[in-house]
Amino acid sequence: MSTVIEFKDVSKRYGDNIVIPNFNLAIEKGEFVTIIGSSGCGKTTILKMINGLYEPSEGEIFVNGENIRYKDMIELRRSIGYAIQGSILFPHMNVSQNISYVPRLLNKKNVEKTEQAVNKWMDIVGLDHSLRYRFPDELSGGQQQRVGIARALAASPDILLMDEPFGAVDAITRAQLQEELKLIHKKTDITIFFVTHDIEEALKLGTKVLVMNHGEIEQYETPKDILNNPASDFVMKMVEKQRRSCNLPDDRLDDCEFSGASCGLLD
Ligand SMILES: Nc1ncnc2c1ncn2[C@@H]1O[C@H](COP(=O)(O)OP(=O)(O)OP(=O)(O)O)[C@@H](O)[C@H]1O
Ligand SMILES: [Mg+2]
């Protein structure tokens, strides 16, 4: 396994406000990292430092072994997909043009190939082809969200950063998108960094879960370890509710293997 993203002694200050005191983390290629922590603990800040939207106050970040401080930002962002809650679609482009934005940049001559790619991604994220020529303001919030995810994926990124991407969709759509994303991750060697407020989503999707508190790492482990060996009171409190929802009597909670049979996690 090779390291794809590495933070070395990274700190981030906004004025006098130290949001990230000292952050060290190495992420292996192909991991699906879910990030969870209380509001304002620095999750979005961490994400935005990876694609250079924010610069660390101190320390270095390496992407594929290269220090991003010295990298061309446009080139960096081309290899990193970014999907956030709400719509960041180009308002003057229709669905097809939004999804194919990066493939068209890279693949100018082969229009047919680009069209095929748009169809493929619309199918994968569950968008009806009849929406192809609609503009973002003619779509529902959930449809816009799917277009955003399709656009991020259509660029075939090595790394996909997702900041609460399923926040604005209903429970059924959310479950579908979770399954689709899990499948995409299984089929490719993409590395995913996924911020969520939902502990169940974090445990279900992540191959590793990063628990953050006040800009620091409480634990970075597999979902199973987070559940069975919480590293701190903070993590323990966070998973307690989840553990209790798995329908085992209290005196048997320690036996819970979270195999999927009892609580639906880790299937
Ligand atoms: N551009 C900015 N200027 C000043 N302060 C900022 C800026 N961006 C974030 N902050 C502050 O840094 C802290 C961390 O913010 P961040 O957005 O990273 O948190 P978060 O964990 O993503 O929160 P949430 O779960 O609410 O999205 C917060 O206290 C926030 O107010
Ligand atoms: Mg955030």
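**Figure 1. His214 in the loop between strand 9 and strand 10 of the predicted model.** His214 counts as exposed, at 62% relative accessibility; exposed denotes over 50% relative accessible area, buried under 20%, and partly exposed the range in between (1.4 Å probe, protein chains only). The flanking elements are strand 9 (208–213) and strand 10 (216–221). Helices (H or I, at least four residues) and strands (E, at least two) are DSSP runs, numbered from the N terminus. Although His214 is a residue other than glycine, its phi is positive, near 45 degrees. This is a predicted model, in which local features need pLDDT of at least 70 and side-chain atom pairs count only at pLDDT 80 or more, whereas totals for chains, interfaces and linings use all residues. Residues are numbered from 1 along each chain as its sequence is written, chains are lettered from A and ligands numbered from 1 in the order in which they are written, and side-chain values use heavy atoms, with hydrogens and water left out.

**Figure 2. Asn64 in the loop between strand 4 and strand 5.** Strand 4 spans 58–63 and strand 5 spans 66–67. Asn64 is not a glycine, yet has a positive phi of about 50 degrees. With 40% relative accessibility, Asn64 counts as partly exposed.

**Figure 3. The open sheet of four strands.** The strand order is 2-1-4-5, and the pairing is antiparallel. Strand 2 (17–28) and strand 5 are the edge strands, each pairing on one side only. Two strands pair if DSSP finds at least two bridges between them. Strand 1 (residues 3–14) and strand 4 run antiparallel and are joined by five bridges. Ile5 has Val63 of strand 4 as its bridge partner.

**Figure 4. Surroundings of Phe234 in helix 10.** Helix 10 comprises residues 233–244. The relative accessible area of Phe234 is 25%, and the residue is therefore partly exposed. Not counting residues up to four places away in sequence, Phe234 touches Ser38, Val211, Met212, Asn213 and Glu218; a contact means heavy atoms within 4.5 Å. Phe234 and Glu218 are 16 residues apart along the chain, and their C-alpha atoms are separated by 7.5 Å.

**Figure 5. The largest cavity and its lining.** The structure holds one cavity of 30 Å³ or more, and about 40 Å³ of space lies in the largest cavity. On a 1 Å grid over the protein atoms alone, a cavity is a set of points where a 1.4 Å probe fits but cannot get out, and lining residues have an atom within 4 Å of a point. Grid points are joined across faces, edges and corners, and a volume is the space filled by probe spheres set on the points. The lining consists of Val125, Ile149, Leu153, Phe166, Leu177, Glu180, Leu181 and Ile184. Helix 6 (141–154) and helix 7 (171–187) are the elements that give two or more residues to this lining; helix 7 gives the most, with four residues. Seven of the lining residues are nonpolar, none is polar and one is charged. Ala, Val, Leu, Ile, Met, Phe, Trp, Tyr, Cys and Pro count as nonpolar, Asp, Glu, Lys and Arg as charged, and the others, Gly among them, as polar.

Definitions and conventions:
On a 1 Å grid over the protein atoms alone, a cavity is a set of points where a 1.4 Å probe fits but cannot get out, and a pocket is an open set with protein on both sides within 12 Å along at least five of seven lines; lining residues have an atom within 4 Å of a point.
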